Amino acid sequence: MARKAPREEPGEDALEVGEPKRWAAGLPAVTHALRMGYEQMGARRTALTLLKVNQQDGFDCPGCAWPEGEHRSRAEFCENGAKAVAEEATVRRVTPEFFAAHPVDELARRSDYWLGQQGRLTEPMYKAADSEHYVPVGWEEAFTIAARELNALRSPDEAAFYTSGRTSNEAAYLYQLLVRKFGTNNLPDCSNMCHESSGSALTETIGVGKGSVRLDDLYCADLIFVVGQNPGTNHPRMLSALEKAKRRGARIVAVNPLPEAGLQRFKNPQNARGIAGGGTPLTDRFLQIRLGGDLALFQALSRLLVEAEDAAPGTVLDHDFITAHTDGFQDYAAHLREIDWADITEATGLAREAIEATAREVAAARSVVVCWAMGLTQHKHSVPTIREVVNFLLLRGNLGRPGAGVCPVRGHSNVQGDRTMGIHEKPDPEFLAALGREFGFDPPRHHGCDAVEAIRAMAAGEVKVFFAMGGNFVSAAPDTAATERALRSCRLTVQVSTKLNRSHAVCGREALILPTLGRTERDRGPGGERRFVTVEDSMGIVHASHGTLPPASPHLLAEPVIVCRLAQSLFGTGGRSTGSRSTGGRRTDGRGGGADGPVPWAGFEADYDAVRDSIARVVPGFDGFNTRVRQPGGFTLPHAPRDERRFPTRTGKANFTVNTLEVLRVPPGRLLLQTLRSHDQYNTTIYGLDDRYRGIHRGRRVVFAHPEDLAERGITDGDLVDLVSEWTDGLDRRADAFRAVAYDTARGCCAAYFPEANALVPLGSVADTSNTPTSKSIVVRLERRGRTSHEPGEGQPG
């Protein structure tokens, strides 16, 4: 039987630091996964559940979005996927008695780990404005409360509707429809805080804001770059794909400030070599880059390719591809020739010889794939950096052919699908036109607020109701103190959730918790039939997900059902809106705009096939949705650059772009901090207090820094330090009592786990164009505990 949730956490004095690992997975991954399953679910439930993960008759893993591939094993899950399943399928329960015993202010003092370990939410809960406790509330009353507050707003733009990446396609489509019928495009989502920079750069340069690579491309690539990424923790099944690519002759270049165990050597737990043998060395070349130096690296590689072409015309660049399919090459080539090598060396921290050796590998490779994750997307210059990756690939025609292309590796299991379904604060006009035709109304056209703008709007009193479809917004967002003040200033916050998290404790004057089914659980229709939902993986494949477990409570509703019932309360049972309409944020005479047509909310609630039929009429690429998704493995969405070498950009071609190289120079005595995940973590969900690949056990408040950087600041390995970030607004943001850990990271850089370090990310420090928080390039100083903030340490400026 699964153990009860821990009542208290070990103190930080329990933290232990050992040697980091040089390999990932193997037998320890299996034992850790099974132990987590046993603790959360018990032995029998663990076996029954894990054998259904990512199976065609089972459910899509609620963790990462890495695709399954054509041939699936019976154990199609990784260690961290097993942890995600165990967290959701836990037998622990959070009941009304729990909320009666724990006031909101007490819960707000608890850690994300402790909150998550309490178990599954079991019934709707309501906190009144004059109460410190949540109390049970019926579903109809909960919807009435939410509808009352929403309809009382002066403008629909006074509400913001957040979405996490685990929401299904069906729920996301219905959710954005409800929001637009209500009259706003305030649809911030988790993509705003992670891969928005990828979508912005790719849309501009190749015309599609998604990756162009499929698994088969990795298997036939000659050279694979893995940039700003830690697959061993964040999407471990990618290691199996890299192993297969290596067996077929690919070479791998890892670009990262930190050496990551999974990219050094992979012991595949599904074969004998991985269990008893030495595993597979993955990385052939490790470029230990300085934080934010990736733009300079790819410009340098491109310059070397152009120079090699100058020396031997017709032997390096793909001029046929450049002439037929690209625009802007001459301006780009001229820009490359003006780059200063001294700036490249300073920005990257790499020796010129290492970059030149890498360029020779690129020139010798017939096909190149570049994979990246948040190490590239969370800097001020992230969009120019990803544009530079595209430039690099265009030079040798590495787009739109086998074994080549762009591969942004998304996080949560349907974050890409949510955007495809219309979860976007800046919607495509063609999508809005199709949505309007489908339901006979004029959707709002003005842009809504993204995640950062939503925080500012709440703080300014411009957004009064915050509704979250999944996720843990408080812990995911930057500038923790500012985010918490913003949420607490709301009139009402609503959280649709499976488990307790910090966003339930940091809430508005009134608050609702609406418990929903998890991905692992059976969703029964009105006649008792088992229903399925769909998701889109990181490579654009749409497939079905069938929950298999009995629901954690009889009071849970599926996300599509919650949306449909809220809509009926909000608009009236006829599906028509009952309040005022918003046009450009101003009230007129019928919320939703135009001829305010009916939406069959009750029909959609009863029949998900009807939802999918509507999606097929509105969203490109979903023709015959209901038929095609029932085929084994689902179907792949069209991608014009990959499938046709057609680039739907403003020029009709793939665009070379000129990106200014700005070297990020840090004041003396300061370091550049990146936030990252531990191995016992997925996004804001903390599974445990270990990060065994980095040698950390029984704690999370650590800061990794190069031994020489610590010594220059008078700090010894093991000292307690406060982290203080510095920003142009002059405010010091602090995160106190972190253990300094001497670590092999790039000089001038350091790292700490989020969400603990999110307090250091200024709300105003965002990426150009995408507005993504710069969580990978924060200027910080380290203050040894016991000093005042006015007392400089050794090696720090006075």
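Buried means under 20% relative accessible area, exposed means over 50%, and partly exposed lies in between, with a 1.4 Å probe and protein chains only. This is a predicted model, where local features need pLDDT of at least 70, side-chain atom pairs count only at pLDDT 80 or more, and totals for chains, interfaces and linings use all residues. Residues are numbered from 1 along each chain as its sequence is written, and side-chain values use heavy atoms, leaving out hydrogens and water.

**Exercise 1.** Work out how the overall size fits a compact globule.

*Solution.* Start with the chain: for 798 residues, a compact globule would have a radius of gyration near 28 Å (over C-alpha atoms; 2.2 Å times the number of residues to the power 0.38). The protein has 25 Å, which agrees. Next, look at the box: the C-alpha atoms fill roughly 70 × 65 × 55 Å along the principal axes. Finally, check the inside: 66% of the 798 residues count as buried.

**Exercise 2.** Find the residues that make the nonpolar surface patch of about 310 Å².

*Solution.* First, the recipe: patch residues have over 30% relative accessible area and no salt bridge (a Lys or Arg side-chain nitrogen within 4 Å of an Asp or Glu carboxyl oxygen), with like charges joined within 9 Å and nonpolar side chains (Val, Leu, Ile, Met, Phe, Trp, Tyr) within 5 Å. That picks out Leu27, Val30, Leu34 and Ile275. Then see where they sit: helix α1 (residues 27–41; a DSSP run of H or I, at least four residues, numbered from the N terminus) gives the largest share, 3 residues.

**Exercise 3.** Is Leu27 buried, partly exposed or exposed?

*Solution.* Locate Leu27 in helix α1. Its relative accessibility is 45%, so Leu27 counts as partly exposed.

Technical notes: Areas by Shrake-Rupley, 256 points an atom, 1.4 Å probe, with all protein chains shown as cover. Helix = DSSP H or I, 4+ residues; strand = E, 2+ residues; numbered from the N terminus.
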